[in-house]
Amino acid sequence: MKYIQVSDTHIFSEKDKELFNINTYAMLERVVSYIQSENRHDSDGMLITGDISQDGSMESYDLAFSLLSKLSLPMFWIHGNHDVLDNILKSSEKYHAERLSRLDGDGWGLVAIDSTFGNNDSGSINDNEMDKLSKLANENKQISLVMHHHPVRIGTPLVDACNVENGEEFMRHVGEIDAIKLIICGHVHGEYNVKMGELKLETCPAACFQWKKGTAVVETEAISGYKILEFSTQGHQSQTIYLR
Ligand SMILES: [Fe+2]
């Protein structure tokens with residue numbers, strides 16, 4: 001199974017609004033046209049890993065889903081710290097996008113973990129989500145967790161200041177479940193790969209802009225990115241595409 005991962009689109013209620021002088025709608029439009037030109041990479045669908053909206057408005061979700069639905073691919077989303085869950089749920093119903101719970105195929109299970117924590121920029125994994133891990137103890141498939149926040153530091157202080165607050169505890173539980181081979185997330189606005197023994201964390205670049213790697217202050221790069229993830233019984237492969 002093959003999925004396109006699009007993350008952190010940060011769309012506003014109006015098409016011409018900018019975030020750090022970058023028009024997030026235009027950046028997503030460019031990503032969508034590029035994916036269209038690549039014949040959608042023959043993928044099975046799209047994983048949208050949170051921060052779909054910047055302002056949480058209904059209009060922003062309608063704009064985002066209406067643009068993404070041009071790809072005519074099944075859309076599966078999770079929400080991020082900037083999102084307003086009620087509004088995504090209403091909008092996604094109109095555009096037939098589905099809140100990701102779990103997807104299975106080719107010896108893999110992709111399991112959504114909610115890392116959001118009230119109105120905070122940082123994340124936290126609550127007891128319900130922790131319990132999802134224990135249920136994977138006897139899993140005979142390879143598991144990838146799909147979340148918004150990064151559970152371990154990636155070396156860019158600006159975003160490491162708002163990672164999963166109880167990340168150490170979460171990763172201890174993850175380490176006890178052999179089936180979990182991969183964690184994919186968004187939030188960090190950049191591609192990072194962290195190998196922890198058999199387990200890998202792969203982050204997705206944002207569709208709207210990247211934070212400069214290693215920065216502790218606001219420094220943006222007006223580059224869009226997305227990933228293609230291919231899962232098979234042999235393992236997984238990923239490819240990152242940047243549009244400059
Ligand atoms: Fe975020």
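## Exercises on two sheets, a helix and a core

A hairpin of two residues joins β15 to β16. Helices (H or I, at least four residues) and strands (E, at least two) are DSSP runs, numbered from the N terminus. The model is predicted: local features need pLDDT of at least 70, side-chain atom pairs count only at pLDDT 80 or more, and totals for chains, interfaces and linings use all residues. Residues are numbered from 1 along each chain as its sequence is written.

**Exercise 1. Describe the pairing of β15 with β16, then place both strands in their sheet.**

Solution.
- Step 1. Two strands pair if DSSP finds at least two bridges between them.
- Step 2. β15 covers residues 224-232 and pairs with β16 in the antiparallel sense, over nine bridges. In this ladder, E230 has Q237 of β16 as its bridge partner.
- Step 3. The sheet is open, has six strands and runs in the order β6-β5-β4-β1-β15-β16, with mixed pairing.
- Step 4. Its edges are β6 (97-99) and β16 (235-243), each pairing on one side only.
- Step 5. On average, neighbouring strands here are turned by 25° against each other, direction ignored. Axes are lines fitted to C-alpha atoms, for helices over the stretch in contact; angles run from 0 to 180 degrees between N-to-C directions.

**Exercise 2. Find how β5 joins β6, and which helix packs there.**

Solution.
- Step 1. β5 (residues 75-78) and β6 run parallel and are joined by three bridges. M75 has A97 of β6 as its bridge partner.
- Step 2. Helix α3 (residues 85-94) packs on the sheet and touches β5 and β6. Its direction makes about 140° with that of β6.
- Step 3. H96 follows α3 and has a positive phi, near 55°.

**Exercise 3. Sort residues of α3 into buried and exposed.**

Solution.
- Step 1. A residue is buried if 20 or more other C-beta atoms lie within 10 Å of its own, exposed if 12 or fewer, and partly exposed in between; C-beta atoms are placed from the backbone.
- Step 2. N87, I88, S91 and S92 are buried in α3. Viewed down the helix axis, the buried residues fall within an arc of 125°, so they line one face of α3. The arc is that of the directions from the helix axis to the C-beta atoms.
- Step 3. L85, D86 and E93 are exposed on the other side of α3.
- Step 4. The cover over the buried residues includes α2 (58-68), β5 and β6.

**Exercise 4. Trace the contacts of W77 and its place in the largest nonpolar core.**

Solution.
- Step 1. Two residues are in contact if their C-beta atoms, placed from the backbone, lie within 7 Å.
- Step 2. Leaving aside neighbours within four places in sequence, W77 is in contact with I48, I52, I88, S92, A97, R99 and L100.
- Step 3. A nonpolar core is a set of buried Ala, Val, Leu, Ile, Met, Phe, Trp, Tyr and Cys residues joined through C-beta atoms within 7 Å.
- Step 4. The largest such core has 56 residues, and M46, W77 and V146 have the most contacts inside it.

**Exercise 5. Give the order of the sheet that holds β8 and β9.**

Solution.
- Step 1. This open sheet has six strands in the order β7-β8-β9-β10-β12-β11, with mixed pairing.
- Step 2. β7 (102-105) and β11 (193-196) are its edge strands.
- Step 3. Neighbouring strands are turned by 15° on average, direction ignored.
- Step 4. β8 (residues 108-112) and β9 (residues 142-147) pair in the parallel sense over five bridges. G109 stands opposite I143 of β9.

**Exercise 6. Is V218 buried or exposed?**

Solution.
- Step 1. V218 lies in the loop between β13 (210-211) and β14 (220-221).
- Step 2. V218 counts as exposed because it has 9 C-beta neighbours inside 10 Å.
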